[in-house]
Amino acid sequence: MFNFFATEQNKQNSHYIIDGADYNHIKNVLRLETGDTCLISYDGNSDLCRIDAFLEDAVSLEILQE
């Protein structure tokens, strides 16, 4: 399972919004799709997330399990 690192500004309620190099890696290198799961690490914890949507320059991930 893939693991990405986030900052406080990436977390919004029950979602993470990932942009920049990680967005490019998720979409164009790994070619993950809506519905795929991965781990997002933030503040010493890892959350299980599902890709919710690809935005114009970011990806939205729903937190499934903290």
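The radius of gyration is taken over C-alpha atoms, and the globule rule is 2.2 Å times the number of residues to the power 0.38.

**Figure 1. Overall dimensions of the predicted model.** For 66 residues the rule gives a radius of gyration near 11 Å for a compact globule; the protein has 10 Å, which agrees. The C-alpha trace spans about 25 × 20 × 15 Å along its principal axes.

**Figure 2. Order of secondary structure elements in the protein.** One helix and six strands make up the secondary structure. Read from the N terminus, the elements follow the pattern β-β-β-α-β-β-β.

**Figure 3. The open sheet of six strands.** Strands of a sheet pair through backbone hydrogen bonds, either parallel or antiparallel. Here the pairing is mixed, and the strand order is E1-E4-E5-E6-E3-E2. Strand E1 (3-5) and strand E2 (11-12) form the edges, each pairing on one side only.

**Figure 4. Close-up of strands E1 and E4.** The two strands run parallel and are joined by three bridges, with E4 comprising residues 37-42. Within this pair, Phe4 stands opposite Ile40 in E4.

**Figure 5. Burial and contacts in the protein.** Of the 66 residues, 29% are buried. Among contacts with a separation of 6 or more, 50% are between residues 24 or more positions apart.

**Figure 6. Accessible surface and charges of the protein.** The accessible surface comes to about 4,300 Å², and carbon and sulfur atoms account for 42% of this area. The protein carries 4 positive and 12 negative charges, whose mean positions lie 7 Å apart.

Key. Residues are numbered from 1 along each chain as its sequence is written. This is a predicted model: local features need pLDDT of at least 70, side-chain atom pairs count only at pLDDT 80 or more; totals for chains, interfaces and linings use all residues. Side-chain values use heavy atoms; hydrogens and water are left out. Helices (H or I, at least four residues) and strands (E, at least two) are DSSP runs, numbered from the N terminus. Buried means under 20% relative accessible area, exposed over 50%, partly exposed in between (1.4 Å probe, protein chains only). Contact means heavy atoms within 4.5 Å. Accessible areas come from the Shrake-Rupley method with a 1.4 Å probe; for residues, only the protein chains shown count as cover. Lys and Arg count as positive and Asp and Glu as negative; His and the chain ends are not counted. The place of a charge is taken as NZ of Lys, CZ of Arg, CG of Asp or CD of Glu. Two strands pair if DSSP finds at least two bridges between them.
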